[in-house]
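Me: I'm new to reading structures, and I'd like to go through this one step by step. Could we take it as short questions and answers?

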Amino acid sequence: MGRHEQREQIFRLLFQVEFHAPEDMPKQMRLFLEDSEEVKTQQEADLIEEKCQAVREKIPEIDKLIDDNTEGWNTTRMGKVELTVLRLAVYEMRYDEDIPAGVAIDEAVEIAKMYGQENAGGFVNAILGKIVKLGD
């Protein structure tokens, strides 16, 4: 499984955070990884679960950064797809030293286009563009 496929699985698992109580997420993660045809090895499952958990732990900080860099929007008003994509990308940009910001943004835009509404890619790109400038 390549990095793009891993990222997509992390997105799909992270998306479930919006629909389950925090105490239910460990069980939901196990079920997701057991039922996923795309996750073929325990090593892949461990990596996906580990990164999803790392993002979940940083959600308050990530959401504040997103809120601080949007006008007329905040995380409570955003579509769940767009919010999940943004959370994953911001995590990668801020906390994952192995992923260049440009790659995180490109991947986020692609996932947003695939799973989000018609203008999701542009919406995600605009917010991440503002956030990446903060790090320069």
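Me: At what angle do helix H3 and helix H4 pack?
Reply: Happy to help! This is a predicted model, where local features need pLDDT of at least 70, side-chain atom pairs count only at pLDDT 80 or more, and totals for chains, interfaces and linings use all residues. Residues are numbered from 1 along each chain as its sequence is written, and side-chain values use heavy atoms, leaving out hydrogens and water. With helices taken as DSSP runs (H or I, at least four residues; strands are E, at least two), numbered from the N terminus, and axes as lines fitted to C-alpha atoms, for helices over the stretch in contact, with angles from 0 to 180 degrees between N-to-C directions, H3 (residues 42-68) and H4 (residues 80-95) have axes 8 Å apart and an angle of about 95 degrees.

Me: Which word describes how H3 and H4 lie to each other?
Reply: Angles under 35 degrees count as roughly parallel, over 145 as roughly antiparallel, 65 to 115 as roughly perpendicular and the rest as oblique. The angle here is about 95 degrees. H3 and H4 are therefore roughly perpendicular.

Me: How many residues of the contact of H3 with H4 are charged?
Reply: Contact means heavy atoms within 4.5 Å. Among the residues that make it are Lys-51, Ile-59 and Asp-63 of H3, and Leu-83, Arg-87 and Tyr-95 of H4. Ala, Val, Leu, Ile, Met, Phe, Trp, Tyr, Cys and Pro count as nonpolar, Asp, Glu, Lys and Arg as charged, and the others, Gly among them, as polar. In this contact, twelve are nonpolar, none polar, and the charged ones number seven.

Me: Where does H3 bend?
Reply: H3 has 27 residues and reaches 38 Å from its first C-alpha to its last, close to the 39 Å expected at 1.5 Å a residue (the expected span is 1.5 Å times one less than the number of residues). The bend at a residue is the angle between axes fitted to the seven residues ending there and the seven starting there. In H3 this angle is about 60 degrees, and a proline, Pro-60, follows within four residues of the bend, which is at Ile-59.

Me: Is Pro-60 buried or exposed?
Reply: Pro-60 lies in helix H3. Buried means under 20% relative accessible area, exposed over 50%, and partly exposed in between (1.4 Å probe, protein chains only). Because its relative accessibility is 60%, Pro-60 counts as exposed.

Me: How many of the 16 residues of H4 are buried?
Reply: H4 reaches 22 Å from its first C-alpha to its last, close to the 22 Å expected at 1.5 Å a residue. This helix is mostly covered, and the number of its 16 residues that are buried is 13.

Me: What separates the C-alpha atoms of Glu-50 and Ile-10?
Reply: Glu-50 is another residue of helix H3. At 61% relative accessibility, Glu-50 counts as exposed. Although Glu-50 and Ile-10 are 40 residues apart along the chain, their C-alpha atoms are separated by 9.4 Å.

Me: What separates the C-alpha atoms of Met-29 and Leu-13?
Reply: Met-29 is in helix H2 (residues 25-35) and counts as buried at 2% relative accessibility. Leu-13 is in helix H1 and is buried too, with a relative accessible area of 0%. Met-29 touches Leu-13; they are 16 residues apart along the chain, and their C-alpha atoms are separated by 6.8 Å.

Me: Which residues is Gln-6 in contact with, leaving aside its neighbours within four places in sequence?
Reply: Gln-6 lies in helix H1 (residues 3-15). At 16% relative accessibility, Gln-6 counts as buried. Its contacts, leaving aside neighbours within four places in sequence, are Met-1, Leu-47 and Ile-48.
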